[in-house]
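Dear colleague,

I am handing over the structure below, and my notes on it follow. Please read them alongside the coordinates when you have a moment.

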Amino acid sequence: MASPAALAPAGVRRAPARARGPLSRALLTRTSVLPGFDLSLGITLFALGLIVLLPLSAAFAKTATMSWPAFVGAAFSPRVLASYRLTFGASLAAASVNAAFGLLVTWVLVRYPFPGRRIVDALIDLPFALPTAVAGIALTALYADNGWVGRWLALAGIQVAYTPLGVFVALTFIGLPFVVRTVQPVLQDLPREVEEAAATLGANRAQVFMRVILPALAPALLTGFALAFARALGEYGSVIFIAGNLPMVSEIAPLLIVTKLEQYDYAGATAIAVVLLLAAFTLLLAINALQAWARRREAA
Amino acid sequence: MTAPSPPLASRTQEPAWVRRTLIGAALAFLGAFLLLPLAVVFAEALKKGLDVYLAAIAEPDALAALRLTLLAAGIAVPLNVAIGLAAAWSLAKFRFRGQNVLLTLIDLPFSVSPVIAGLIYVLLFGLQGWFGPWLKAHDLQVVFAVPGIVLATVFVTFPFVARELIPTMQAQGTEQEEAARVLGASGWQILRRVTLPNVRWALLYGVILCNARAMGEFGAVSVVSGHVRGVTNTLPLHIEILYNEYQSAAAFAVASLLALLALVTLAAKALVERRLERAPPVTDAAPERASSAGAAVAFDRTALAS
């Protein structure tokens, strides 16, 4: 066995001989003895640029070639506006339902032991794991007039499949895991002592929940809501089967992009895409801000 | 004389009937929104009997779709592992300017609608696209062909591996790698002998999620595929065609394969999660770092936000 002393000089020697690459020299804010910064960052930037940034910039470049009236005509025609209303409205409703029931599910999963809890916990991620096309046809079969759920709703005069309500159902399914998975770790780490303290000071259970627990969960809950909303905005596969896709009524914005593409109206498709992208990026910034808020809350 | 206050435990816990009601409501919601859609896939698939089911799966077009799905995932997943490892090494082991921006950019594909992911590749490689004329002159086809499907799949799965690896590698710090370096290990040796064994469960976790998405992707692939039966159809696209042709039983039969894949994914994910929870402390500094590992998003991303 080599003695550490024999090996030490090689390591102790600061590595001035080894040339640092341009990325290291330009970007590193703290020197490190570890190698491979230039190579790994180079690969990352190359892949990111080629696979993500260059193609995305093509969308913006394409709309830049359009005149302003042409862009407005393509991105804000009555049919497109109706699709935005449906997409944003149904996404908002679905994300709200997900926030409420997601909180309930998380509370039950974290606080109440019951048989089969581990399996239920694992099943929460089903909407992430199940391909959207499968979810789409399954929900359609379920909510069609002769489906397991649809036939009972039909008795009550409610039609879900092939209506905007179907869009809402599909988006609720798709967004289900987000709230649970963002709130769960925070609720798990919430110290019980705080609740005990509030109870000792005379608060009843409802007061403790509203004044102590809910404020602590708020950042995570809002983040989950925003994530579910963002996912719902762009969702396509699970919606198109159940929506009926009637122009002005049950046609979502992503479907309109596909329709325009099939008509070789690339500019029109891209104009809608840019509007959706800008909405998505705004949400991404909001989510980042929410997470920063959550971390500050945690640190405090 | 005041009445003795009830014991503390009863005041920080809901009464039994409240608990039972909440559990019931949560399970009813999950049953309606998770279990029923899952169950209906298998019920519809077997509606017309096992013969129809097996015939739909063994059909040449279905097998061709399965092959293309495996091919796309077979390329996208290893590629994302390589990129994810590179991204995690640079982002988790070093401090550099623009780190937060880079982290957000890696996550970007998650906020892009799958349909738009397909569209942008059509804009690049389609006949009217930037590289369209060049590709045509060289008799190459990307869009409405297999390369486009693979590219779109790589795009939508881009963040999966990296976002699992980065927090884990960050939480583990750099002491072990630095020790290996000081003892004379080369970069590749450090990666193979120190870093990879430490992050193997996080890596597996990312691969499982990445693979599920790669095999199930529909929107992006739908836009860049020409929907040519037996040639550019993946399993999800094959399901759509069968469904639109009113071959419901066949569509659900193929869908049941993907539903099984989803169940296997969930089971594997749960197993790996347990391993991650039980992962032994990695360094001497582990106890103090473990708390930061708890917040998986410990990575500081405030710069872009504020």
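**Helix packing and one buried threonine**

In chain A, helices α11(A) and α12(A) are oblique to each other, since the angle at which they pack is about 130 degrees, with their axes 10 Å apart, and an angle between 115 and 145 degrees counts as oblique. Please keep in mind that the model is a predicted one. Helix α11 covers residues 192–200, and α11(A) passes α12(A) in a right-handed crossing. On the α11(A) side the contact is made by V194(A), E195(A), A198(A) and A199(A), which meet R205(A), V208(A), V212(A) and I213(A) of α12(A); by class, this contact has six nonpolar, no polar and two charged residues.

Helix α12 (residues 205–234) also packs with helix α10 (residues 164–189), here at an angle of about 150 degrees and with the axes 8 Å apart, which makes α10(A) roughly antiparallel to α12(A). This crossing, too, is right-handed. The residues that meet include L171(A), F178(A) and V186(A) from α10(A), and I213(A), L217(A), F225(A) and R231(A) from α12(A), and by class the contact has 16 nonpolar, four polar and one charged residues.

Separately, I looked at T63(A), which lies in helix α3 (residues 37–64). T63(A) is buried, because its relative accessible area of 11% falls under the 20% cut-off. The side chain of T63(A) reaches the backbone oxygen of F60(A) at 2.9 Å, while, leaving aside neighbours within four places in sequence, T63(A) is in contact with F71(A), T270(A), A271(A) and V274(A).

With best regards

Terms used. Residues numbered from 1 in each chain as written. Chains lettered and ligands numbered in written order. Predicted model: local features only at pLDDT ≥ 70, side-chain atom pairs only at ≥ 80, totals over all residues. Heavy atoms only, no water. Axes fitted to C-alpha atoms, helices over the stretch in contact; angles between N-to-C directions. Helix = DSSP H or I, 4+ residues; strand = E, 2+ residues; numbered from the N terminus. Parallel < 35°, antiparallel > 145°, perpendicular 65-115°, else oblique. Left-handed = near helix turned anticlockwise from the far one by under 90°. Contact = heavy atoms within 4.5 Å. Nonpolar A, V, L, I, M, F, W, Y, C, P; charged D, E, K, R; others polar. Buried < 20%, exposed > 50% of the residue type's maximum accessible area, 1.4 Å probe, protein only. Polar contact = N/O pair within 3.5 Å; in protein donor to acceptor, adjacent residues only side chain to side chain.
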